Amino acid sequence: LEETITVTGEASTVDVQSVVSQKVVTRDVLDAIPTGSKSVVNLGVLIPGVVVNNQDVGGSAFTSSQIAIHGGRAGEQQLLYDGMMYNNGQGRGGQYTAIATNDGTVQEISLETGGLGAESEMSGIRTNVVPKEGGNTWKGTLAGAFTNDTLQSDNLTDEFIAQGLLTVNTVHKIYDINPGFGGPIVRDRLWFYTSVRAWSAQQYVAGMFYNKSPVPWRYEADTTQPALNIETNGNESLRLTWQAAAKHKITGQYQYGQQDRPFYGYSLGQTLASPEAAYASKSIPSYLGQVGYNSPLTSRVLLEGGAAVANKNFFTFLQPVAGNNPSYQESSTGNFWGNSRSTYGQNANWQMNTRASVSYITGSHNAKVGFTFQHQESYTTQDISYNGTLLTLLNGQPRSVTVWATPLYLREINKANVGHFAQDQWTVRNLTLNLGLRYDSFNSYVPEHVMGPGPHVPTRNVTFAPVYDVPNWKDTSPR
């Protein structure tokens, strides 16, 4: 028995209508490429022209990373999960995430790098994570990764050793375990998908060791105890999808995360600190909850909407072994030991955002109108070790004392960040016009603050009146 099959192929036609530069990374590609933690940042750097502030190699990068393109601002990277923002309440950009994403929940990732329409609030890279939803078929996945120092080469040369460098940046241990599972609760009506993920990156810090000197104001490296930078994350996710009617679908998702960074100072570039002087951080709470709705009212009209809330407190604290001891720094080398030289305290924040839009699609028109709304709040406290006192040495001799008027705190509230937009991709014969108009309103304020006494300001008792409209911006922009 023989059968002849003829296969023909044609080069795909260049899109001569849309101006958006977009890359869609499907699940097959996500599984195939070795991008370490598979976050939107680590995928974005595969696009020519994209730059990153923290390059990932095999999962070694930490989660506070962001990307930019064409000379744009990394702080304007847009983070969307199922079309809704999952930033925390302290800022925008890839660095300010409420959760470290769970790759087991991801179906595909869209990255828009140029030609953004009126729907986009900012000009930075617009990333959107499209989640898995489950279905009538039971499906499960399991992904894992592991490495340690025995799988890494060593570039510590005799020349470096002769100059006094005893260790280089090397991996101690990296692991990632990520199962997922989903299926029907009620066939053709209600589905679920759940996933858990645990991962950690642990790396030695070049040339840094614990201090073994019995004299507190002297530093003597204990070469048997090298400095280790650690970030450990967890994420538990559950998504429900309800087909309420033939034209009405409702989704709900909740993710809770854990983040433990016992030597967080190293992640912030404090690589000249002995381990007891690199302050620690934990994120409690860290979660994202959202609901979504979409309805194809007709073959040409699509209605979409959703709301999300995110909460995170990545509080920082001193190393337990350091207690409230002084912080010493040697000016000739920049090295410091004994305790942290950075402020520490609460970084509590939350934000909620909503979106709604109507799309009208015909042969000649691809129109969309809608709005977005965001409210966010931030609460930060600041303390300094040793009752707000830092000590500095020069060649082992006392040089200066720096005192701080701590404790301090700051509350900031973004009352409303509102955007209204209308856009149309209008095709007339061989001519296509991409037109858009966006109106933004951004209003923030600082509430009343009361500062009480501190170690170096024992009589402080001052009240700062609230300051409104910082800022109060309104902007209309054609696209």
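This passage describes backbone geometry and strand pairing in a predicted model.

Most residues other than glycine have a negative phi, and most peptide bonds are trans. Against that background, two cis peptide bonds may be described. One joins I284 and P285, with omega at about 0°, and P285 is placed within strand β13, which covers residues 280-296. Another cis bond leads from T406 to P407, where omega is near 5°; here the proline belongs to a loop, P407 lying between β20 (397-403) and β21 (408-428).

Positive phi values also occur at residues that are not glycine. D82, with a phi of about 55°, is located in the loop that connects β4 (78-81) with β5 (84-85). For N395, phi is likewise positive and near 55°, and this residue sits in the loop between β19 (389-394) and β20. N395 counts as exposed, because its relative accessibility of 59% lies above the cut-off of 50%.

Strand β21, which follows the loop containing P407, pairs with two strands that are considered here in turn. With β18 (residues 365-382) the pairing is antiparallel and extends over 17 bridges, and within it K368 is found opposite Q423 of β21. With β22 (residues 431-445), β21 is joined by 15 bridges, again in the antiparallel sense, and H420 has Y439 in β22 as its bridge partner. β21 and β22 form a hairpin in which 2 residues separate the strands; in the turn, R429 has a positive phi of about 55°.

How values were computed
Residues numbered from 1 in each chain as written. Predicted model: local features only at pLDDT ≥ 70, side-chain atom pairs only at ≥ 80, totals over all residues. Heavy atoms only, no water. Helix = DSSP H or I, 4+ residues; strand = E, 2+ residues; numbered from the N terminus. Buried < 20%, exposed > 50% of the residue type's maximum accessible area, 1.4 Å probe, protein only. Pairing = 2+ DSSP bridges.
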